[in-house]
Number of protein chains: 2
Amino acid sequence: MFRTHTCGELRIAHAGQEVTLAGWVQRVRKMGGMTFIDLRDRFGITQLTFNQEKNADLCEKANKLGREFVIQVIGKVTERSNKNTQLPTGAIEILVNSLNVLNESQIPPFTIEDNTDGGDDIRMKYRYLDLRRTLVRENLELRHKIAFETRRYLDQLGFLEVETPVLIGSTPEGARDFVVPSRMNPGEFYALPQSPQTLKQLLMVSGFDRYFQIAKCFRDEDLRADRQPEFTQIDCEMSFVEQEDVLQTFEGMMKHLFRFVKNIDFTEDFLRMTWQDAMKYYGSDKPDIRFDMRLVELKEAVGGHNFVVFDSAEYVGGISASGCASYTRKQIDELTDFVKRPQIAAKGLVYIRCEENGSFKSSIDKFYTQEDLAGIASLFNAKSGDLILILAGDKTKTQKALCELRLEMGERLGLRDKNVYAPLWIIDFPLFEWDEETQRYFAMHHPFTSPKPEDIPLLDKDPGAVRANAYDLVVNGVELGGGSIRIFDSALQNKMFEKLGFSPQKAEAQFGFLMNAFKYGAPPHGGLAFGLDRLVALFAGLDSIRDCIAFPKNNSGRDVMLDAPSTIDSAQLDELNLRIDLQTT
Amino acid sequence: MFRTHTCGELRIAHAGQEVTLAGWVQRVRKMGGMTFIDLRDRFGITQLTFNQEKNADLCEKANKLGREFVIQVIGKVTERSNKNTQLPTGAIEILVNSLNVLNESQIPPFTIEDNTDGGDDIRMKYRYLDLRRTLVRENLELRHKIAFETRRYLDQLGFLEVETPVLIGSTPEGARDFVVPSRMNPGEFYALPQSPQTLKQLLMVSGFDRYFQIAKCFRDEDLRADRQPEFTQIDCEMSFVEQEDVLQTFEGMMKHLFRFVKNIDFTEDFLRMTWQDAMKYYGSDKPDIRFDMRLVELKEAVGGHNFVVFDSAEYVGGISASGCASYTRKQIDELTDFVKRPQIAAKGLVYIRCEENGSFKSSIDKFYTQEDLAGIASLFNAKSGDLILILAGDKTKTQKALCELRLEMGERLGLRDKNVYAPLWIIDFPLFEWDEETQRYFAMHHPFTSPKPEDIPLLDKDPGAVRANAYDLVVNGVELGGGSIRIFDSALQNKMFEKLGFSPQKAEAQFGFLMNAFKYGAPPHGGLAFGLDRLVALFAGLDSIRDCIAFPKNNSGRDVMLDAPSTIDSAQLDELNLRIDLQTT
């Protein structure tokens with residue numbers, strides 16, 4: 001071992017001991033006849049001191065060390081006169097009497113500090129240096145801890161972690177599969193799993209009863225900031241359960257993680273909200289309920305005043321922002337621009353200021369009397385000083401726009417504190433989603449999701465009204481996970497396929513092995529999957545999942561450090577019976 | 001929840017309680033007016049009873065249940081008159097008063113019993129039914145436990161589990177890579193990792209200090225019984241360590257696993273043996289030391305007796321099988337056939353029987369006197385009743401053949417008890433391996449393995465004599481894992497590449513990112529990787545790793561259950577800019 005202690009370990013109680021430390025040179029400072037070095041490793045920073053008077057040669061050697069050199073020192077732990085209370089080791093320093101350079105370092109392309117001077121691109125290219133930064137390393141330490149505590153909780157409850165294969169068959173789940181050509185089976189391809197969904201259902205048919213896996217999943221999608229071609233799920237499934245059992249079990253898991261990772265105790269049950277209410281009051285199936293500011297429907301209240309924008313709209317709704325009546329014209333213009341951005345695409349923004357004197361000032365004063373406006377304000381329970389913001393238009397789009405506006409106002413009002421966690425179960429999702437383009441129903445979750453038994457009669461009459469035994473866990477507006485009770489009855493499953501427009505042949509081709517398995521005694525079962533990357537990002541207060549992944553890919557799916565993907569030998573292509581055909585279209 | 005208890009939970013203390021159970025019908029037996037059902041789930045089997053007299057309808061319903069039906073019953077826990085001491089629940093039975101068929105089952109294609117009537121192929125096709133068998137399920141339970149305890153041990157020591165990417169660049173490590181065409185980067189391919197070797201070394205450069213990962217690895221090799229295209233490694237790496245630290249840490253891990261998984265305490269240090277000794281005494285770098293029967297070199301002892309087979313051979317050696325002098329001609333012929341099989345390819349087998357009366361009987365009596373034979377026997381410390389078996393020829397091949405013969409004799413003598421574990425570190429591996437075909441040296445482990453510092457001067461003079469800081473852990477003749485101290489000095493690494501015949505350009509192209517990383521302060525580091533599949537197979541007493549994998553592939557790399565790999569749409573090929581070109585050669 002190159003050390004007796006780590007750089008985060010020594011305290012005043014060690015004073016007088018001779019120790020050996022090894023690590024990286026974070027900083028070299030010369031002061032008078034002394035040289036001070038901050039020696040860093042994963043565990044902390046320890047100050048080394050060299051005295052020009054006592055040992056000039058050694059001090060000279062220390063002065064020549066560059067940033068990020070790897071060194072080993074032997075010295076004596078000594079109480080500091082000038083203690084650093086910011087540092088766990090700040091009460092001591094090491095009076096070095098031997099210095100060994102283990103490895104030199106070129107000058108790193110950016111500073112290895114929390115506030116680095118390195119831009120995103122260079123830090124990704126030199127990710128191994130970026131990972132030396134405390135902020136980045138801590139995200140991965142957190143990730144380890146979350147994964148470990150997840151396993152500890154599930155193991156205690158009798159869940160078995162079962163590894164399912166990565167080289168599987170193509171099981172279309174909405175996104176594109178990554179495929180892997182098989183050399184031994186010419187012309188054929190494996191697919192990488194988008195999730196272990198069907199395999200975990202097979203494990204339930206096998207009687208595994210309680211399964212989980214922290215599993216890599218793969219989707220060949222065009223990437224956004226919070227998407228990666230490979231990502232990690234905490235994938236779970238249980239047998240002989242109903243929805244309530246699943247919710248209880250995994251609410252327990254989240255509470256366990258909050259307790260053991262974040263030191264936060266949730267003693268109350270998580271709130272639950274139906275999908276209908278979530279859409280109605282928050283315009284979203286993943287509402288951020290750290291703050292209230294609910295959407296209020298106004299269509300009835302505002303009608304018949306000859307204001308054509310409202311009268312012609314399918315939906316009129318708004319929010320009330322507490323204490324924002326003092327917003328200037330400029331601020332309101334900013335909000336108008338915000339909702340008019342192409343991503344949101346609202347046509348305009350109506351405001352009502354609830355003035356301190358009890359009067360109202362609005363952009364629709366032409367159409368509404370003070371009394372009318374007071375009536376509208378009362379629907380929001382708005383007080384003097386509040387600002388009501390109203391949008392109108394197509395129902396779904398306008399609710400979505402109001403959702404965005406609400407989040408923006410929450411942000412401006414400081415209501416979205418990253419250290420506050422507001423978990424919420426969304427339940428009673430619709431089973432189907434209507435697709436305008438293809439004029440047919442899609443499964444909102446996936447084709448194995450069970451309808452609520454009481455809604456089964458609606459399958460033929462009114463598919464859009466059928467609710468599913470499906471649920472999502474949302475925290476602070478982030479969908480952390482979701483799942484459902486599955487169909488375990490072959491007849492019902494066939495009916496689902498029919499409703500989803502699968503021919504029996506297509507259903508057989510894609511899900512035949514699962515349908516076959518269901519013929520041999522499938523138990524009632526259900527489960528869910530959490531996005532581990534999102535969970536870590538949430539606990540770390542990160543905006544992008546990329547920051548909690550050791551070696552992430554960029555938006556073109558490239559690992560710029562490894563320079564992957566890359567071309568391969570023609571010999572290898574021959575072995576795989578493949579040719580590249582770069583189309584010019 | 002569909003049950004109040006599992007099928008493995010109820011004891012005499014529960015007598016009198018009303019319970020709800022759910023599970024699979026294992027067996028239905030009618031005896032007199034009674035029907036008995038064994039109800040099975042993952043946790044055990046509980047006997048249900050139905051009384052024709054008391055409730056004829058219910059009993060009738062029970063009689064109609066088929067094997068593997070999924071049922072739910074409500075009933076009263078009752079003490080059995082006829083207790084089954086083989087079964088943890090054998091003291092009680094459930095007097096059923098309500099029966100609910102949750103799902104029917106077709107007659108399964110083979111019996112769901114430890115001794116099934118199903119052949120290998122059908123069990124693989126219906127793997128989800130095969131997994132219902134207790135024997136198979138227990139292997140996966142064991143796998144879960146080993147993985148969990150591995151993580152618990154390493155977490156306690158401050159190791160961080162870091163997920164490395166599955167879509168990486170091609171880093172040739174001896175075997176073929178599986179590749180994944182990139183849609184977003186036309187004509188380019190990701191590779192699936194053969195191991196996270198280079199990535200874990202980058203993590204050491206990043207200062208992660210102690211890393212592990214239970215990681216899926218992929219090799220596109222032609223398959224054998226104990227190979228799978230995807231397999232799982234317990235991959236580990238440490239910084240600021242020397243070989244001794246790595247051995248201590250992972251000997252500790254193995255002892256932890258033996259203790260907490262197998263309930264076996266290893267209080268002694270594991271034996272260590274140099275690679276040289278392993279080859280000399282066992283003819284193998286993974287000797288099974290559950291039994292002794294060492295190889296004895298005889299070249300000197302047997303020379304000069306005009307026996308041309310021995311005189312012309314590079315190597316003569318043998319083993320002594322205790323108590324086998326009574327082997328018949330037929331038995332010795334069997335052994336001769338055994339060593340002549342093409343896999344072993346010895347030319348013949350010489351025996352010396354150490355008779356009970358102190359005389360010797362051998363197949364080379366023509367050339368050797370009784371005294372000569374006594375002299376040979378004494379080299380083996382052979383006693384009356386022992387049988388000496390001798391092979392001659394090329395040194396490497398003959399040692400290997402003797403190794404096989406030794407294992408065969410160990411098997412015949414019952415010396416390879418699956419419940420006995422004999423762990424052994426093999427150390428001091430050669431750094432290079434000479435390849436006759438290409439007339440050049442290859443890295444025995446991989447190009448990053450560090451030579452022993454004292455052997456570095458030999459790198460130029462006598463590369464074949466350079467020993468590596470490399471080690472394997474062998475248990476019962478199975479190589480469970482191996483690793484090395486890595487080179488962390490760029491100059492030495494470049495020298496290694498040169499010795500291995502890499503041009504600077506080729507080294508840069510293949511390992512440039514790692515060599516670059518080493519310029520920024522790489523710490524001394526080393527590690528190892530265990531094969532999780534092999535470890536589970538060893539603990540479970542299995543001959544093939546396939547039996548401890550939930551959904552294994554067959555020898556053609558096919559998952560016959562999923563029917564993967566398979567063809568894909570031409571539209572998908574177009575998107576990937578690929579064409580299939582099935583060559584007729």
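Trainee: Where do I start with the contact between the two chains, and how many residues does each chain bring?

Mentor: Happy to help! Start with who takes part: in this predicted model, chain B brings 123 residues to the contact and chain A brings 123 residues.

Trainee: And how much area is buried between chain B and chain A?

Mentor: About 11300 Å² is buried between them, and carbon and sulfur atoms give 60% of that area. On the chain B side, B:Glu163, B:Phe240 and B:Tyr520 supply 8% of the area that chain B buries against chain A, more than any other three residues.

Trainee: How many salt bridges does the rule find across this interface?

Mentor: For these, look for a Lys or Arg side-chain nitrogen within 4 Å of an Asp or Glu carboxyl oxygen. Here the rule finds 16 across the interface of chain B and chain A. One pair to look up is B:Asp209 with A:Arg3, whose closest N and O atoms lie 2.8 Å apart. Polar contacts are counted too: 67 residue pairs between the two chains, with both residues at pLDDT 80 or more.

Trainee: Which helix gives the largest share of the side of chain B that touches chain A?

Mentor: Helix H4 of chain B, residues 134-156, with nine residues. Sorted by class, that side of chain B holds 64 nonpolar, 25 polar and 34 charged residues.

Trainee: Which strands are joined between chain A and chain B?

Mentor: Find strand E23, residues 578-580, in each chain: three bridges join the E23 of chain A to the E23 of chain B, and the two run antiparallel. In this pairing, A:Arg579 stands opposite B:Arg579.

Key. Residues are numbered from 1 along each chain as its sequence is written. Chains are lettered from A and ligands numbered from 1 in the order in which they are written. This is a predicted model: local features need pLDDT of at least 70, side-chain atom pairs count only at pLDDT 80 or more; totals for chains, interfaces and linings use all residues. Side-chain values use heavy atoms; hydrogens and water are left out. Contact means heavy atoms within 4.5 Å. Buried area is the accessible area (1.4 Å probe) that two parts lose on being put together, summed over both. A polar contact is a pair of N or O atoms within 3.5 Å; within protein, one must be able to donate a hydrogen and the other to accept it, and residues adjacent in sequence count only if both atoms are side-chain atoms. Helices (H or I, at least four residues) and strands (E, at least two) are DSSP runs, numbered from the N terminus. Ala, Val, Leu, Ile, Met, Phe, Trp, Tyr, Cys and Pro count as nonpolar, Asp, Glu, Lys and Arg as charged, and the others, Gly among them, as polar. Two strands pair if DSSP finds at least two bridges between them.
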